[in-house]
Amino acid sequence: MDKIAHFCQKCRAANDPGETSCCKCGTRLMIVTFPSSQRHEAEMIPPSYYEDHLLERVSLLEFRIKQVTEQLAMAYEFISRQSESFEKDHILISTFMEAVLNVEPNISERLSEEMAVNVRKKKGEKLSENKQKKDLAEILSNHENPNAELFTHLVKEGLRLLEENEEKQAFRTLERASLLSTSNIPLQLFIAEKLFSVDKFELAENYLIKVFELSPQNTKALLLLGVIYADRYESEKARKMLSVLASFPETMVAANYIWAMLAASEENWHEAIVAFKESIDVSDTPELNYLIGSAYFQTKNLPKALEYLGKTVEADAKFADAWFMVYLIYLDLDKEHQAENALQKAADAKEAGAKCQKFLRKDRIEYPKTALPFLHLNDQKKRLLTNGALRITKFFRSLVFESFN
């Protein structure tokens with residue numbers, strides 16, 4: 001009688017029935033081919049070839065299940081240890097914060113804010129690192145010309161210099177790299193973005209125009225060119241770029257914001273309100289509510305202006321310029337008590353870079369005819385988008401960079 005083989009689940013070698021370990025690799029065999037009571041029966045019918053194949057697959061499957069089971073056990077043990085450690089840390093921090101709160105409530109609040117800032121900072125650094133790696137990979141993969149080794153060296157050196165805040169030398173190095181790869185869109189965009197971020201708009205424009213010529217539908221190039229043109233009050237050029245972006249979810253908020261500021265510069269307040277509201281439908285922020293309220297102030301619709309400014313200070317009680325606008329509205333409504341209260345809150349906020357500061361510093365507070373966020377629009381020598389209050393300028397820049405990051 002022919003004997004049926006017992007196949008090893010690791011090396012697939014055939015073994016005699018009854019063996020417990022593989023004769024070739026020594027692996028412990030995971031199943032028994034047939035019951036031990038039948039191993040020595042003379043009339044036992046050996047399985048077919050198809051059954052041999054099934055036994056082999058079952059053996060392998062059983063081995064894999066055992067491996068997965070062991071891995072799950074290890075993962076469970078690791079998670080349990082981490083959970084215990086996290087619980088201990090949480091109890092320790094909670095106890096510490098309760099103790100500090102009992103001693104000095106203000107310190108507790110400040111510590112909480114600092115911890116939140118540190119978490120956001122670390123998260124931002126991680127995102128920045130990941131973005132830089134992605135940018136480098138795209139730049140190198142789009143280089144088609146010779147001197148690839150020199151090109152790679154120049155790009156990496158430029159990135160290193162940027163990290164060390166050696167901007168002047170970094171831009172020179174990256175410019176040399178761009179001359180070796182004139183059709184490298186990721187590189188041209190990267191240089192333009194970095195120049196834009198340090199307010200070198202004219203230099204950034206040169207690179208962006210090259211990108212626009214190579215790729216007229218490039219979203220980042222269209223947005224940055226739209227910002228640069230709008231900042232110089234070149235409305236027609238800016239709107240040409242922005243008209244495409246207003247329908248894209250990632251650029252909708254920034255594009256509508258720029259469109260609204262262009263409308264405000266032309267004193268088309270109803271168009272500005274519509275555009276600002278298009279933005280706020282996607283991103284409901286104190287800054288956008290403030291701008292809508294200020295635009296309503298320009299149309300003399302004081303109830304609507306107060307409604308949106310009320311949302312602003314409700315979301316951020318330290319928004320000095322918003323409180324000052326509330327003060328102006330209450331003055332117009334002859335509500336002196338509410339006006340004084342709003343004025344006091346504007347002064348107490350002590351917000352750096354707030355437009356209302358120049359009014360609060362005077363003994364007799366002037367009444368500006370133009371809402372605070374639009375004061376600089378009266379002087380076209382100043383930039384449209386990047387010459388307002390520090391808070392609004394920072395908010396606008398965040399909109400732009402979030403659009404393509």
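**Exercise 1. Determine whether Asp-334 is buried or exposed, and state where Asp-334 is placed.**

*Solution.* Asp-334 has a relative accessibility of 68% and therefore counts as exposed, since the cut-off for this class is over 50%. The model under study is a predicted one. In this model, Asp-334 is found in the loop between α13 (320-332) and α14 (336-349). Asp-334 also belongs to a surface patch of negative charge, together with Asp-332, Glu-336 and Glu-340.

**Exercise 2. State how many salt bridges a search of the whole structure finds, and examine the one between Glu-193 and Lys-220.**

*Solution.* Begin with the general principle: side chains of opposite charge can pair when their charged atoms come close.

Step 1. The search of the whole structure yields 15 salt bridges.

Step 2. In one of them, the side chains of Glu-193 and Lys-220 meet with an N to O distance of 3.1 Å. The cut-off is within 4 Å, so this distance satisfies it.

Step 3. Glu-193 is part of helix α5 (residues 185-197) and Lys-220 is part of helix α7 (residues 219-231); the pair therefore ties together parts that are 27 residues apart in sequence.

Step 4. Consider accessibility, where buried means under 20%. Glu-193, at 6%, counts as buried, and Lys-220, at 16%, counts as buried.

**Exercise 3. Describe the salt bridge of Arg-232 with Glu-205 and the network that contains these residues.**

*Solution.* Step 1. The closest N and O atoms of Arg-232 and Glu-205 are 2.9 Å apart.

Step 2. This pair links distant parts of the chain, 27 residues apart: Arg-232 lies in the loop between α7 and α8 (235-245), and Glu-205 in helix α6 (residues 201-214).

Step 3. Arg-232 has a relative accessible area of 34% and is partly exposed, whereas Glu-205, with 12%, is buried.

Step 4. Salt bridges link Glu-205 and Arg-232 with Glu-234 and Lys-237 in a network.

**Exercise 4. Locate the partners in the salt bridge of Glu-266 and Arg-239, and classify each as buried, partly exposed or exposed.**

*Solution.* Step 1. The side chains of Glu-266 and Arg-239 meet at 3.2 Å, N to O.

Step 2. Glu-266 lies in the loop between α9 (252-265) and α10 (269-280), while Arg-239 lies in helix α8, so the salt bridge ties together parts that are 27 residues apart in sequence.

Step 3. With a relative accessible area of 41%, Glu-266 is partly exposed. Arg-239, at 18% relative accessibility, counts as buried.

How values were computed:
Residues are numbered from 1 along each chain as its sequence is written. This is a predicted model: local features need pLDDT of at least 70, side-chain atom pairs count only at pLDDT 80 or more; totals for chains, interfaces and linings use all residues. Side-chain values use heavy atoms; hydrogens and water are left out. Helices (H or I, at least four residues) and strands (E, at least two) are DSSP runs, numbered from the N terminus. Buried means under 20% relative accessible area, exposed over 50%, partly exposed in between (1.4 Å probe, protein chains only). Patches are made of residues with over 30% relative accessible area and no salt bridge: like charges are joined within 9 Å, nonpolar side chains (Val, Leu, Ile, Met, Phe, Trp, Tyr) within 5 Å. Accessible areas come from the Shrake-Rupley method with a 1.4 Å probe; for residues, only the protein chains shown count as cover. Lys and Arg count as positive and Asp and Glu as negative; His and the chain ends are not counted. The place of a charge is taken as NZ of Lys, CZ of Arg, CG of Asp or CD of Glu.
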